[in-house]
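Colleague: I have a few short queries on this model. Shall we go through them one by one?

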2 protein chains.
Amino acid sequence: MTNNEPYYEDEAVQLYNGDALDVMVELARQEIKVDAVVTDPPYSSGGNMRSDKMKDVLTKYSQSGTIRSYGTFEGDHRDQRSYFAWSHLWLSLARQITKPSGDLFAFIDWRQLPTLSDAVQSAGWLWQGVGVWSKGYGRPNKGRFSAGHELVIHATNGPKEQKELYAPSVFTCPIEHDKIHLSQKPLGVVDWCLQLVEKETLILEPFSGSGTTLVAAKASGRRAIGIEADPQWLETIAERCQETLRLF
Amino acid sequence: MTNNEPYYEDEAVQLYNGDALDVMVELARQEIKVDAVVTDPPYSSGGNMRSDKMKDVLTKYSQSGTIRSYGTFEGDHRDQRSYFAWSHLWLSLARQITKPSGDLFAFIDWRQLPTLSDAVQSAGWLWQGVGVWSKGYGRPNKGRFSAGHELVIHATNGPKEQKELYAPSVFTCPIEHDKIHLSQKPLGVVDWCLQLVEKETLILEPFSGSGTTLVAAKASGRRAIGIEADPQWLETIAERCQETLRLF
DNA sequence: GCCGAGAATGAATCCATCC
DNA sequence: AGGATGGATTCATTCTCGG
């Protein structure tokens, strides 16, 4: 991370500025352990995830040489492979700082679900299911299904403890119209995932974006560690967290 | 196919008895071309352990204590590699007998979606999207998402023609309580897929099961070719088709 | 015909036990 | 790195049936 101090901190939230991989390496070094990872990673439209850029990252972080070569049959082959490799990296680091049997929730669209679910499993997580966030309405698409939902991969770090927690697999919640971030999820969508995570736990969100996961964690009496690489979002996240009351 | 004659035939439906691959080879030889493939193949899912996967479908997909009994079906015990290879085979044959820009709809669960979407693409189809059939409720699952939805892969045989057809990506429809086949889909679910297929077209269902796809096709003024390997289902399918009025 | 109580149901999973 | 079998468990929703 650019430095080891949080950019923002309150009684429930720590927000770090820096690349997700860098900060997670530091968190691992400090032997910090979280109960769950709830995150909305870049879906990779391809533009900012090119393989030449990836080469640096892979050289820097390739640890155990476990990055397997892989290709789907879709789109630009190189972009798919580098998305897989990069996903494998952050998922492996995230698992290192997650307690045994802790949960992972990673949002993704249908196009990247196979690549991300492969990366989740190759990083050592046990895939437990897929949830559907139905937006209730989607942009119509000539001759195709409308774009009316997103998916979330659920996995655990090793065998699941039996917990008396339940959540429906399909959750309907309209998009917020006053959202400030392109891929911002409604609070309700994060709360839905947190139904499967016990109260008073510590949540990690390596791609904080507008900070929705951190706000949902704090508002539900949990604590959260957030990471965001883009400085333009830091102040927004800090403000949203500060405005949030921590309820138990 | 066991022979080249349909087991059943009416003004809208042809039903063949035989292995899907064998019959499709014969259809290809006859240069028959369909407008769309709408199918519900065996999922080969269920069970993280091999011993669970090998069980009869009625054992592995239902709970003990259930009184109702369905007819069983075969071909649901493949491991990942052979499931991919077998899926590639039937999808390649299905594409051979589909018109250019014709549609494919294949139902699958979350566990097998990555494998089946790989097979769809390796067989030459263009992946166009994923639809979600929400059952409205799901079997509760401790610490996991409930089992409340199934997915359907949409693909086309080559680039899409622009068609003025639309369908939502999430479709909510309860399970039919008087179903006779373990994996029987409600008619409404097939109709939802057929929203993206023009009227008066010819539909192929290589894994007819209880015949729902054939009934939905006939009832909506389309024609259909059905294939079913298991003789125990043939008479049921024929009866359901015969009872169906063809409406335009 | 309406309502409420009780029973049945679900494209599973985990685990003990036996061979 | 055994493989197969069967029983217990989970609860929201729907169905059945009697009052």
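Colleague: Does Glu200(A) count as buried or exposed?

Modeller: This is a predicted model. Glu200(A) sits in the loop between α5 (187-194) and β8 (202-205) of chain A. Exposed means over 50% relative accessible area. Glu200(A) has 60% relative accessibility, so the residue counts as exposed.

Colleague: What is the phi of Glu200(A)?

Modeller: Glu200(A) is not a glycine. Even so, the sign of its phi is positive. The value is about 55 degrees.

Colleague: Now chain B. Where is Glu31(B) found, and is this residue buried or exposed?

Modeller: Glu31(B) follows α1(B) and has a positive phi, near 55 degrees. Its loop runs between α1 and β3 (34-39) of chain B. The relative accessible area is 66%, over the 50% cut-off, so Glu31(B) is exposed.

Colleague: How are helices α1 and α2 of chain A oriented, roughly parallel or roughly antiparallel?

Modeller: The axes of α1 (residues 20-29) and α2 (residues 51-61) of chain A come within 12 Å. They cross at roughly 10 degrees. Angles under 35 degrees count as roughly parallel. That crossing angle therefore makes α1(A) and α2(A) roughly parallel.

Colleague: Which residues make that contact, and how many of them are charged?

Modeller: Helix α1(A) brings Leu21(A), Asp22(A) and Val25(A). Helix α2(A) brings Val57(A), Lys60(A) and Tyr61(A). By class there are four nonpolar residues and no polar ones; the charged residues number two.

Colleague: What do the buried residues of α1(A) pack against?

Modeller: Buried in this helix are Ala20(A), Leu21(A), Val23(A), Met24(A), Glu26(A) and Leu27(A). An α-helix has 3.6 residues a turn, so residues three or four places apart point the same way. The packing partners, in chain A, are β2 (13-17), α2, α3 (77-96), β8 and β9 (223-228).

Colleague: Which residue caps the N-terminal end of α1(A)?

Modeller: Look for a side-chain oxygen close to a backbone nitrogen of the helix. One such oxygen lies 2.9 Å from the backbone nitrogen of Leu21(A). The residue that carries this oxygen is Asp19(A).

Colleague: What covers the buried residues of α1(B)?

Modeller: Ala20(B), Leu21(B), Val23(B), Met24(B), Glu26(B) and Leu27(B) are buried in this helix. At its start, a side-chain oxygen of Asp19(B) reaches to within 2.9 Å of the backbone nitrogen of Leu21(B). The cover includes β2 (13-17), α4 (80-96), β8 (202-205) and β9 (223-228) of chain B.

Colleague: Which residues come nearest to DNA strand C?

Modeller: The surface near the strand divides into nine nonpolar, nine polar and 13 charged residues. On the DNA side, sugar and phosphate account for 49% of the atoms within 4 Å of the protein. Of the 31 residues around the strand, those that come nearest are Gly47(B), Gln63(B), Tyr70(B), Arg111(B) and Lys135(B).

Colleague: How far is a polar side-chain atom of Lys135(B) from a phosphate oxygen of DNA strand C?

Modeller: Take some other polar contacts to the strand for context. A backbone N or O atom of Pro41(B) lies 3.2 Å from a base nitrogen. A side-chain N or O atom of Arg139(B) is 2.9 Å from a sugar or linking oxygen. For Lys135(B) and the phosphate oxygen, the distance is 2.3 Å.

Colleague: Which backbone nitrogens does the side chain of Asp10(B) reach?

Modeller: Asp10(B) lies in the loop between β1 (8-9) and β2 of chain B. With a relative accessible area of 17%, under the 20% cut-off, Asp10(B) is buried. Away from its sequence neighbours, Asp10(B) touches Lys218(B) and Cys241(B). The backbone nitrogens are those of Ala12(B), at 2.7 Å, and Val13(B), at 2.6 Å.

Colleague: How far apart in space are Gln184(B) and Thr212(B), C-alpha to C-alpha?

Modeller: Gln184(B) is buried, at 8% relative accessible area. Its contacts include Ser210(B), Thr212(B) and Arg240(B). Gln184(B) and Thr212(B) are 28 residues apart in sequence, and their C-alpha separation is 7.2 Å.

Technical notes: Residues are numbered from 1 along each chain as its sequence is written. Chains are lettered from A and ligands numbered from 1 in the order in which they are written. This is a predicted model: local features need pLDDT of at least 70, side-chain atom pairs count only at pLDDT 80 or more; totals for chains, interfaces and linings use all residues. Side-chain values use heavy atoms; hydrogens and water are left out. Axes are lines fitted to C-alpha atoms, for helices over the stretch in contact, and angles run from 0 to 180 degrees between N-to-C directions. Helices (H or I, at least four residues) and strands (E, at least two) are DSSP runs, numbered from the N terminus. Angles under 35 degrees count as roughly parallel, over 145 as roughly antiparallel, 65 to 115 as roughly perpendicular and the rest as oblique. Contact means heavy atoms within 4.5 Å. Ala, Val, Leu, Ile, Met, Phe, Trp, Tyr, Cys and Pro count as nonpolar, Asp, Glu, Lys and Arg as charged, and the others, Gly among them, as polar. Buried means under 20% relative accessible area, exposed over 50%, partly exposed in between (1.4 Å probe, protein chains only). A polar contact is a pair of N or O atoms within 3.5 Å; within protein, one must be able to donate a hydrogen and the other to accept it, and residues adjacent in sequence count only if both atoms are side-chain atoms. A residue is near a molecule or strand if one of its heavy atoms lies within 4 Å of it.
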